[in-house]
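Me: I am in my first year and still learning to read protein structures. Could you take a close look at one part with me, and then connect that part to a few other features?

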Amino acid sequence: MASHPEHSSMGSDSSRVRAVLGPTNTGKTRLAVERMLAHRSGIIGFPLRLLARENYERMVAAKGVGQVALITGEEKITPPGARWFSCTVEAMPLAREAAFVAVDEIQLAADPDRGHVFTERLMSARGAEETLFLGAETIRPLLARLVPEAEIETRPRLSTLAHAGPAKLSRLPPRSAVVAFSAAEVYAIAELIRRRRGGAAVVMGRLSPRTRNAQVALYQEKEVDFLVATDAIGMGLNMDVDHVAFAALGKFDGHRQRPLQAAELAQIAGRAGRGMRDGSFGTTAGCPPLAEETVMAMEAHRFPALTQLCWRNAALDFTSIPALLASLSAPPPRPCLRRGADASDLATLAALAHDAEVVRLASNRASVRLLWEACQIPDFRKLEGDTHARLAARVFGHLVRQGKLPTGWIAAEIAALSRPEGDIDTLMQRLAGIRVWSFIAQRADWLEDAPHWQGQARETEDLLSEALHERLMSRFVDRRSALLLRRLEQGRAASLLAAVTRRGEVIVEGHTVGVVGGFSFRPDPEATGADRRLVLRAARRALYAEMPRRVAALEAARDTEFALAGPNLLWQGVPVARLRKGTSALRPLVHVLASEFLDGPARERVRIRLQNFLDARIRSDLAPLFAAMAAAAEETALRGPMHRLSEGLGVVPGPAREDFPPTLRARLRALGVRAGRFGLFMPALLKPAALRLRALLWTLAEGWAETPALPAPGSIVWRGGAAEAGGFAAAMGWLPAGPVGIRLDMAERVAAELATMTRRQPASLPASLAPRLGVKAAELPAVLRGLGFRLVPHVGEVAGEAAPLVAPLRRRPMTPGAETGTTILPAGPFASLAVLHRR
């Protein structure tokens, strides 16, 4: 709150007034705190609550908790014997006599929104023994004019600040702070840095001290190497920043979007390089480069002097609301002073001046003063509309009518904010809300049991702060990547503790970075882009040591540890190789899957072991074929058929019975080979295990991209694909018969039985034939035609009904004009059709 001159800490005529001016990193704040603690008492005002808290903690460390007080709008820690006070500028208790008074960042007297408070402190706040103003060199001419008695000292920067030019986010050096000017920009940049560089701490003016300290600790303790902040870091927040990168050169100042002045940019860039360590600044994230003249001014710390400071009348007239408004709108007394923007307290008062109930209640000087105090409740929430004005009116109304604020109302408002769930923006809005109630709770004259409500507000702020810190960590920090990146960029990859667990988890420095299966590494699926590349780099050390062990384990593995899954060869359930076409269908080749962790010799060792497994598996699953081939090797008559069978993987479709004399057929049968009506084949190779392997080998040999689906194990009939599968179905041992395929061994057996039945004349159709073949009755005519038979019309009573007959198909019509493949017989009342032909 602005202080009336008559209430300021006025020193005697001999009181020393000093101003220490200069750029950032000149040690001004440290000097002021040291000077204050050297006096018997003191008050120092800072521009931010965060700064007041930071310096309060330093003062407590030096003097003890009972000697130091903290006063901000939302927080008061005032031990009874406190001698030194760390405050925000607005909250400085200037009615209290103090030997020393200091104000930091006094150049903010030119700020349109808050400048009038700093100007008031400049002109009126004095210590009994010493007064010290700290700020930028730009205020020197006006300070000398307004405070002619001041001794002005300029301090040079302790280190060099140099322009480093533009840089991509991915190229920023560690210990960089990226500065943006809106929450959305801060979030977007922090998210990019998390993905590319492991994470970033976030600092904004809206953070509570607890959240801000937790975020700064992340950065200071080097859990992350990057900081993304608003211009709040420009006001004396001391961190180990080596480089400041601007993501924008303009900001919305609450009234309009405007470009930042060179002095404002320098105030922020000056956070780079602390003590004697040099710093640098530049641009990033698509921000246009800094103008040459701006760079020169920032490096030399030379900026145009301020020409006016903002001022607001502090001698207020509380006789009525119009009189109060008029006194607040009084013109500045000197040309170097000007009115700033209407602050939120004035805007709130102007709005309530039109509220009839408020006007009625503000009927005397005491009530008008009380109204003004209610209007000075800070508008931390920045909500649109008249929300804040209605809050001030309600507070004023309760105080006028009851003298205190209702405890039920306060409890309900704080309880509504005491919810840690929600996203970052939701939590920050709740924090802004609890800050309002923290401010109200500091007014002991407004509440019953003010310490209780102060504690409630503080607990809620701590709850929300902790939740917000966790959300910021979860969204913007990948501790694993940050640690790995830091070690790798420092050239300390060899010092990383890395291992592979029994389950294949790759652990680096206690963090799981992915899983190794076979000889391939699968990074954590949450790692993408640059993060994925980082994980790969970190995992290599462990994997290069692990892979030789795995190669040796594969060589020593039993065949039962391998498996075939289509064309993929699995080890421990993971693909390690793929089958390719070889010199023959029975000799496919093994191609080891690509892995950066296998060199040429290791890959060949893996290939040899897998090829041995595959060859053994083929010989095992197709053992009848290999046994027959071995037995036929010494008999010339058998070599030809067996060669054809080996090429056909145990099945050669097409009529074979007439190709071999009975004696040769008998010798083939002894080897497990059938030379039948529909093909030369080995029935043992139609069993499920052999069939699956034959299907894989056939598709590899034919160059098909994938193996078609096979019928269920044990099936006699192949539906919905036999015809479409073309040569595949026949090669696998199925005879296309109408709409289905019939397994060769069953087709041969049924055809032989039907041939015996119909050798002399058509025979009655067996009633069990359709179920036996696994087909529907309506499909039977077409299926029989595929087997070489047909159904013929026949009039013959069997148990009072006509029985269908089955007969061989003829090569020619039996009567002129009849269709090929049919026989015309007298039609009966129960005639049926459909028979297969014998070829």
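Reply: Let us begin with a salt bridge in this predicted model, the one that Asp 462 forms with Arg 210, where the closest N and O atoms are 3.4 Å apart. The two partners come from distant parts of the chain, since Asp 462 belongs to helix α16 (residues 450–476) and Arg 210 belongs to helix α6 (residues 209–220), and they are 252 residues apart. This pair is one of 46 salt bridges counted in the model.

A contact between helices can be read in a similar way. Helix α10 (residues 344–352) packs with helix α13 (residues 387–402) at an angle of about 75 degrees, and their axes are 9 Å apart, which means that α10 is roughly perpendicular to α13. On the α10 side the contact involves Thr 348, Ala 351 and Leu 352, while α13 contributes His 388, Ala 389, Ala 392 and Ala 393. Of the residues in this contact of α10 with α13, five are nonpolar, two are polar and none is charged.

Finally, there is the empty space inside. Four cavities of 30 Å³ or more are counted, and the largest cavity holds about 80 Å³ of space. Among the residues that line the largest cavity are Pro 112, His 116, Trp 311, Arg 312, Arg 339, Asp 342 and Leu 346. Sorted by class, the lining of this largest cavity has six nonpolar, two polar and three charged residues.

Key. Residues are numbered from 1 along each chain as its sequence is written. This is a predicted model: local features need pLDDT of at least 70, side-chain atom pairs count only at pLDDT 80 or more; totals for chains, interfaces and linings use all residues. Side-chain values use heavy atoms; hydrogens and water are left out. Axes are lines fitted to C-alpha atoms, for helices over the stretch in contact, and angles run from 0 to 180 degrees between N-to-C directions. Helices (H or I, at least four residues) and strands (E, at least two) are DSSP runs, numbered from the N terminus. Angles under 35 degrees count as roughly parallel, over 145 as roughly antiparallel, 65 to 115 as roughly perpendicular and the rest as oblique. Contact means heavy atoms within 4.5 Å. Ala, Val, Leu, Ile, Met, Phe, Trp, Tyr, Cys and Pro count as nonpolar, Asp, Glu, Lys and Arg as charged, and the others, Gly among them, as polar. On a 1 Å grid over the protein atoms alone, a cavity is a set of points where a 1.4 Å probe fits but cannot get out, and a pocket is an open set with protein on both sides within 12 Å along at least five of seven lines; lining residues have an atom within 4 Å of a point. Grid points are joined across faces, edges and corners, and a volume is the space filled by probe spheres set on the points. A salt bridge is a side-chain nitrogen of Lys or Arg within 4 Å of a carboxyl oxygen of Asp or Glu.
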